[in-house]
Amino acid sequence: MAQYIFQNYDKKVNIGKIICLARTYKKHAQEMHATVTEDPILFLKPESSIIFNNESIVLPKMSNCVHHEVELGVVICKTGKNISEKDAMDHVLGYVVALDITARDIQSVAKKSGWPWSIAKGFDTFAPISYVVLKDEVPDLHNLDLKLKVNDKLKQLANTKYMIYSVERIIEFVSKIMTLKKGDLILTGTPEGVGELFEGDVIEAKLGDVCYLKVNVKREQ
Ligand code: MG
């Protein structure tokens with residue numbers, strides 16, 4: 001089982017379930033011609049989709065259009081069900097900058113057909129994450145720049161203050177549905193500027209000045 005990488009923490013934490021949100025930034029919903037919903041839209045990624053710094057996203061043979069989405073990831077530190085907004089931060093261990101890699105062509109067919117997004121979102125290597133920065137090292141979670149460059153060109157630049165739902169509200173909502181456990185990871189959705197990836201691309205992602213991730217792109221052989 002994959003484990004998180006920490007900068008300033010000597011404990012080992014296994015990576016649990018990966019809960020992802022969609023349409024959490026208005027401008028991204030607009031670029032996808034999607035409507036914003038009252039509650040967040042959820043889907044899951046398998047733990048097998050995780051990769052780390054300096055590893056490779058593999059473009060699968062099944063897809064002809066794979067997109068990048070840069071996101072704030074929240075790592076959970078203890079078990080909780082029906083967590084209130086007020087108590088939500090007690091359940092947070094720290095944060096990562098994450099990529100929600102998406103086979104956009106497969107997702108488009110799924111959307112039109114009313115099918116789940118599990119294939120589009122669930123390929124191996126489709127969840128690159130940085131090391132974890134601990135909660136206390138991030139004073140203002142809701143005012144952090146999210147940045148993504150492909151081959152040194154800026155593609156996504158936004159700030160967590162533009163999220164439609166706060167992290168506290170997201171934890172409250174998710175924990176009404178499923179018990180959150182130590183090591184679970186919540187990917188909080190992407191801002192605008194998503195785009196296609198090609199073999200040989202180098203991606204750099206940043207969350208404020210605290211998290212950094214660099215991965216490259218290969219094609220499935
Ligand atoms: Mg996403």
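Does R104 count as buried or exposed, and at what relative accessibility? In this predicted model, R104 counts as buried because its relative accessibility is 6%, which falls under the 20% cut-off for that class. The residue lies in helix 2, which spans residues 104–113. Leaving out residues up to four places away in sequence, R104 touches M32, C65, V66, H67, E69 and V194, and two of these partners are also reached through polar contacts of the side chain. One polar contact, of 2.8 Å, joins the side chain of R104 to that of H67, and another, of 2.8 Å, joins the side chain of R104 to that of E69.

The glutamate E69 leads directly to the metal site. The magnesium ion is coordinated by E69 and E71 through OE atoms and by D100 through OD, at 2.0 to 2.1 Å. Along the sequence these donor residues follow the spacing E-x1-E-x28-D. Both E69 and E71 are buried, and E69 is thus a residue that coordinates the magnesium ion while its side chain also takes part in a polar contact with the side chain of R104.

From E71 the reader can move on to T188, a residue in the loop between strand 13 and strand 14, the latter covering residues 195–196. T188 counts as buried because its relative accessibility is 1%. Its contacts, not counting residues up to four places away in sequence, are with L21, T24, E71, L72, V74, M163 and I170. With L72 there is a polar component as well, since the backbone oxygen of L72 lies 2.7 Å from a polar atom of the T188 side chain.

Several of these neighbours recur around I186, which belongs with I57, Y95, L99 and I171 to the residues that have the most contacts inside the largest nonpolar core, a set of 48 residues. At least two residues of this core are supplied by each of strand 1 (18–22), strand 4 (56–59), strand 6 (70–76), strand 7 (92–99), strand 11 (145–150), helix 4 (167–177), strand 15 (202–207) and strand 16 (211–219). Leaving aside neighbours within four places in sequence, I186 is in contact with I19, L21, L72, G73, V74, I76, I170, I171 and L180. Apart from this core lies another, of 22 residues, and C20, F43, W117 and L185 are among its members.

Helix 4 deserves a separate look. Within it, V167, E168, I170, I171, F173, V174 and S175 are buried, and the elements that cover the buried residues of this helix include strand 1, strand 2 (41–45), strand 6, strand 7 and strand 13 (185–187).

The loop between strand 6 and strand 7 holds H91, which is buried because its relative accessible area is 9%, again under the 20% cut-off. H91 touches V75, I76, C77, K78, T79, G80 and I83, when residues up to four places away in sequence are not counted. For K78 a polar pairing can be named, in which the backbone oxygen of K78 lies 3.4 Å from a polar atom of the H91 side chain. H91 and K182 are 91 residues apart along the chain, and their C-alpha atoms are separated by 8.4 Å.

Two other loops hold residues with notable backbone angles. R23, in the loop between strand 1 and helix 1 (26–31), has a positive phi of about 60° although it is not a glycine. N54, in the loop between strand 3 (50–51) and strand 4, likewise has a positive phi, near 70°, in a residue other than glycine. N54 is exposed because its relative accessible area is 59%, a value over the 50% cut-off.

The chain as a whole can now be described. Its secondary structure comes to four helices and 16 strands, and 52% of its 221 residues count as buried. Among contacts between residues at least 6 apart in sequence, 76% join residues at least 24 apart. The radius of gyration is 16 Å, which agrees with the value near 17 Å that a compact globule of 221 residues would have. Taken along the principal axes, the C-alpha atoms fill a box of roughly 45 × 35 × 30 Å, and the accessible surface comes to about 10200 Å², of which 50% belongs to carbon and sulfur atoms.

Definitions and conventions
Residues numbered from 1 in each chain as written. Predicted model: local features only at pLDDT ≥ 70, side-chain atom pairs only at ≥ 80, totals over all residues. Heavy atoms only, no water. Core = buried A, V, L, I, M, F, W, Y, C linked by side-chain atoms within 4.5 Å. Buried < 20%, exposed > 50% of the residue type's maximum accessible area, 1.4 Å probe, protein only. Contact = heavy atoms within 4.5 Å. Donors = N, O, S within 2.8 Å, 3.2 Å for Na, K, Ca; no water. Polar contact = N/O pair within 3.5 Å; in protein donor to acceptor, adjacent residues only side chain to side chain. Rg over C-alpha atoms; globule rule 2.2 N^0.38 Å. Areas by Shrake-Rupley, 256 points an atom, 1.4 Å probe, with all protein chains shown as cover.
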